[in-house]
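Here is a short report on one protein chain. Keep the sequence and the 3D view side by side as you read.

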Amino acid sequence: MALARDPGAGPEQRDAADQNFDYMFKLLIIGNSSVGKTSFLFRYADDSFTSAFVSTVGIDFKVKTIYRNDKRVKLQIWDTAGQERYRTITTAYYRGAMGFLLMYDITSQESFYAVQDWATQIKTYSWDNAQVVLVGNKLDLEEDRQVPTQDAQRLATELGFQFFEASAKDNINVKQVFDKLVDVICEKMNESVNGDASPSAAHKGDGLKDTPHGSQRGCAC
C-alpha cells in the first residue's frame with residue numbers, strides 16, 4: 001500500500017516516499033572530482049544547472065521516478081565524491097548498485113586516464129552484472145577538448161560499457177544516458193530471469209537489501 005503523502009512536502013520528498021512503483025534501481029555516478037557528477041544529477045533530477053557547486057563530501061542521492069514501456073521505475077541515484085580520501089566511504093555503496101554512470105571530463109585527460117581505475121573499482125566492489133555507461137561530460141566546452149571521442153569510444157568498447165558524450169550545462173544527452181542505463185539493466189534482468197542472481201534492489205518490495213536471490217522475475221521495461 002502506498003505511503004500517505006504530506007500535502008506540504010515538495011515534489012522530491014513526495015517522490016522519495018512514494019511506494020507505488022514496479023521496480024527500483026540503485027544507480028551510482030562515479031568519476032574524478034570536478035568532472036560534473038553533481039551538475040549532471042541535478043540536471044536530470046531537477047532540470048536545473050548551476051556552476052556554483054562545491055565538491056561533494058562523501059555521498060548524496062536523489063530519487064526520480066520514470067516510465068519505461070508501461071513500467072514505473074523508481075531510480076535512487078547516488079552522487080559520490082571523487083576525491084581519494086572519500087574512496088572507502090563511496091565504495092561501500094557499490095554493492096547492490098544495478099548501474100553506474102562512470103564520468104570523465106572531455107577537457108581533462110587526467111579524468112579520462114582515471115576511467116580504467118574506476119572500472120576496476122566497479123569490478124572489485126559491485127555485482128558482476130552491474131551495468132555501466134561511460135559518460136564524457138562538458139560537451140559544451142568542445143573548444144577545450146583534450147579527449148578525442150574515438151579514444152573514449154574505443155575504451156568503452158574494450159570495457160564492455162555503453163558510451164555517450166554529454167553536457168549537463170546545455171542539457172545534451174542527459175536524459176538519454178539514464179534511459180540507456182535503465183534499458184540495459186532491464187535487458188540484463190530479462191536475460192538472467194531464469195539464470196544468475198541479480199541484486200534484490202530491483203524489485204518492488206525487496207527494498208535495498210544487499211543479499212542476492214535467484215528468483216528475479218523479468219523486467220518488461
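**The second largest pocket**

This is a predicted model. Its second largest pocket has a volume of about 270 Å³. The lining counts 16 residues, and those closest to the pocket centre are Asp128, Ala130, Gln131, Val132 and Gly160. Helix α5, strand β5 (131–137) and helix α7 (174–191) each supply at least two lining residues. Of the contributors, α7 gives the most, with four residues. By type, the lining of this pocket divides into seven nonpolar, four polar and five charged residues.

**The overall fold**

The protein chain has seven helices and six strands. Along the sequence they follow the pattern α-β-α-β-β-α-β-α-α-β-α-β-α. The chain holds 221 residues, and buried residues make up 51% of them.

**Strand β4 and its partners**

How many of the residues of β4 are buried? Strand β4 spans residues 99–105, and seven of its seven residues are buried. In a regular strand the side chains alternate between the two faces of the sheet. In β4, Gly99, Leu101, Met103 and Asp105 point one way. Phe100, Leu102 and Tyr104 point the other way. Both sets are buried, so each direction from the strand is covered under the 20% cut-off for relative accessible area.

Strand β4 pairs with β1 (residues 23–31) and with β5. Five bridges join β1 to β4, and the two run parallel. Here Leu28 has Phe100 of β4 as its bridge partner. β4 and β5 also pair in the parallel sense, over seven bridges. In that pairing Leu102 stands opposite Leu134 of β5.

Strand β5 pairs in turn with β6 (residues 162–165). Four bridges join them, and they run parallel. Val133 stands opposite Gln162 in β6. Between these two strands the chain passes through helix α6 (residues 149–159), and this β-α-β crossover is right-handed.

**Helix α5: two sides**

Helix α5 covers residues 115–125. Which of its residues are buried? They are Val115, Trp118, Ala119, Gln121 and Ile122. These five cover an arc of only 155° around the axis, which puts them on the same side of α5. The spacing fits a general rule. An α-helix has 3.6 residues a turn, so residues three or four places apart point the same way. The face of α5 turned away from the buried side carries exposed residues: Asp117, Lys123 and Thr124.

**Two positive phi angles**

Two residues that are not glycines have a positive phi. Lys138 has a phi of about 70° and lies in the loop between β5 and α6. Asn173 has a phi of about 65° and sits in the loop between β6 and α7. Are these residues buried, partly exposed or exposed? Lys138, at 22% relative accessibility, counts as partly exposed. Asn173 is partly exposed too, with a relative accessible area of 24%.

**Accessibility at a glance**

The table sets out four residues with their places and relative accessible areas.

| Residue | Place | Relative accessible area | Class |
|---|---|---|---|
| Glu110 | helix α4 | 62% | exposed |
| Lys138 | loop between β5 and α6 | 22% | partly exposed |
| Asn173 | loop between β6 and α7 | 24% | partly exposed |
| Lys180 | helix α7 | 28% | partly exposed |

**Pairs across the sequence**

Two of the tabulated residues also feature in C-alpha separations. Glu110 belongs to helix α4, residues 109–113. Glu110 is exposed because its relative accessible area of 62% is over the 50% cut-off. Its C-alpha atom is separated by 9.5 Å from that of Gln146, and the two residues are 36 apart along the chain.

Lys180 is found in helix α7. Its relative accessible area is 28%, so Lys180 is partly exposed. Which separation goes with Lys180 and Phe164? They are 16 residues apart in sequence and 9.7 Å apart in space, C-alpha to C-alpha.

Methods. Residues numbered from 1 in each chain as written. Predicted model: local features only at pLDDT ≥ 70, side-chain atom pairs only at ≥ 80, totals over all residues. Heavy atoms only, no water. Buried < 20%, exposed > 50% of the residue type's maximum accessible area, 1.4 Å probe, protein only. Arc of directions from axis to C-beta. 1 Å grid on protein atoms, 1.4 Å probe; cavity = no way out; pocket = protein on both sides within 12 Å on 5 of 7 lines; lining within 4 Å. Points joined across faces, edges and corners; volume = space filled by probe spheres on them. Nonpolar A, V, L, I, M, F, W, Y, C, P; charged D, E, K, R; others polar. Pairing = 2+ DSSP bridges. Right-handed = clockwise from strand over helix to strand, strands pointing away.
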